[in-house]
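Okay, thanks for coming, everyone. I'll put the structure up and then walk through it, starting with the fold and ending with a few individual residues.

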Amino acid sequence: MPEPLCYSFHAVARCLERGITERNVVETVTRGTRIANSGEKIVFARGRMRVVVTHEAMVVTAYRE
């Protein structure tokens, strides 16, 4: 995944709402596992964290399972 990550407005709002830090996102993308790759988006997982990222390194959303 190219660095640095960019964040969509939606991703920033959801991270703030859900108490997800930038560190949570970066660790999930860099140390997590790709669990889905559909079209333009990749879903990374690490523990309960999920981060949806485009192939252009734009974070779409983040959440906990």
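So, following the chain from start to finish, the pattern is β-α-α-β-β-β-β. That gives two helices and five strands. Before I go on: this is a predicted model, so please keep that in mind throughout.

On overall dimensions, the radius of gyration comes out at 10 Å, close to the 11 Å from the globule rule for 65 residues, so the protein is as compact as a globular protein of that length. The C-alpha trace spans about 25 × 25 × 20 Å along its principal axes. Of the 65 residues, 34% are buried. And if you take contacts between residues at least 6 apart in sequence, 39% of them join residues at least 24 apart.

Now the sheet. In what order do the five strands sit? They go S1-S5-S4-S3-S2, in an open sheet with mixed pairing. Strand S1, residues 6–7, and strand S2, residues 33–38, are at the edges with a single partner strand each, so one side of each has no neighbour in the sheet.

Let me go through some of the pairs. S1 and S5 run parallel, joined by two bridges, and there cysteine 6 has methionine 58 in S5 as its bridge partner. S5 is also joined to S4, by five bridges, and that pair runs antiparallel. In that pair, valine 52 is bridged to threonine 61 in S5. The hairpin of S4 and S5 has three residues between the strands, and alanine 57 there takes a positive phi near 70°. On we go to S3 and S4, which are antiparallel and joined by six bridges. Lysine 41 is a handy marker there, as it stands opposite threonine 54 in S4.

As for how a helix sits on this sheet, H1 lies across S1 and S5, and runs at about 25° to S5.

Next, the inside. The largest nonpolar core has 14 residues, and those with the most contacts inside it are Leu5, Val25, Val51, Val53, Val59 and Ala62. Which elements give two or more residues to this core? Those are helix H1 (9–18), helix H2 (22–31), S3, strand S4 (49–54) and strand S5 (58–64). S4 gives the most, with three residues.

If you want one core residue to click on, try valine 59. Leaving aside neighbours within four places in sequence, valine 59 is in contact with Leu5, Cys6, Tyr7, Ser8, Ala11, Val25, Val51, Val52 and Val53.

Let's move to H2, where I'd like to set two threonines side by side. Threonine 28 is in helix H2, and threonine 30 is in helix H2 too. Buried or exposed: what is threonine 28? Threonine 28 has 1% relative accessibility, which is why it counts as buried, the cut-off being under 20%. Threonine 30, at 48%, counts as partly exposed, because that class runs up to the 50% mark.

Both side chains reach a backbone oxygen. For threonine 28 the oxygen belongs to asparagine 24, at 2.7 Å. For threonine 30 the oxygen is that of valine 26, and the distance to a polar atom of the threonine side chain is 2.8 Å. Beyond four places in sequence, threonine 28 touches Phe44, Ala45, Arg46, Met49 and Val51. Threonine 30, meanwhile, is 22 Å from alanine 13, C-alpha to C-alpha, with the two positions 17 residues apart in sequence numbering.

That list for threonine 28 included Arg46, which is my last stop. Arginine 46 is in strand S3, residues 41–46, and is partly exposed, with a relative accessible area of 35%. What does arginine 46 touch, not counting residues up to four places away? The list is Glu27, Thr28, Arg31 and Gly32. With glutamate 27 there is a polar contact between the side chains, at 3.1 Å. And for scale, arginine 46 and valine 26 are 20 residues apart in sequence and 11 Å apart in space, C-alpha to C-alpha.

That's my tour. Happy to rotate the model to whichever part you'd like to look at again.

Conventions:
Residues are numbered from 1 along each chain as its sequence is written. This is a predicted model: local features need pLDDT of at least 70, side-chain atom pairs count only at pLDDT 80 or more; totals for chains, interfaces and linings use all residues. Side-chain values use heavy atoms; hydrogens and water are left out. Helices (H or I, at least four residues) and strands (E, at least two) are DSSP runs, numbered from the N terminus. Buried means under 20% relative accessible area, exposed over 50%, partly exposed in between (1.4 Å probe, protein chains only). Contact means heavy atoms within 4.5 Å. A polar contact is a pair of N or O atoms within 3.5 Å; within protein, one must be able to donate a hydrogen and the other to accept it, and residues adjacent in sequence count only if both atoms are side-chain atoms. A nonpolar core is a set of buried Ala, Val, Leu, Ile, Met, Phe, Trp, Tyr and Cys residues joined through side-chain atoms within 4.5 Å. Two strands pair if DSSP finds at least two bridges between them. Axes are lines fitted to C-alpha atoms, for helices over the stretch in contact, and angles run from 0 to 180 degrees between N-to-C directions. The radius of gyration is taken over C-alpha atoms; the globule rule is 2.2 Å times the number of residues to the power 0.38.
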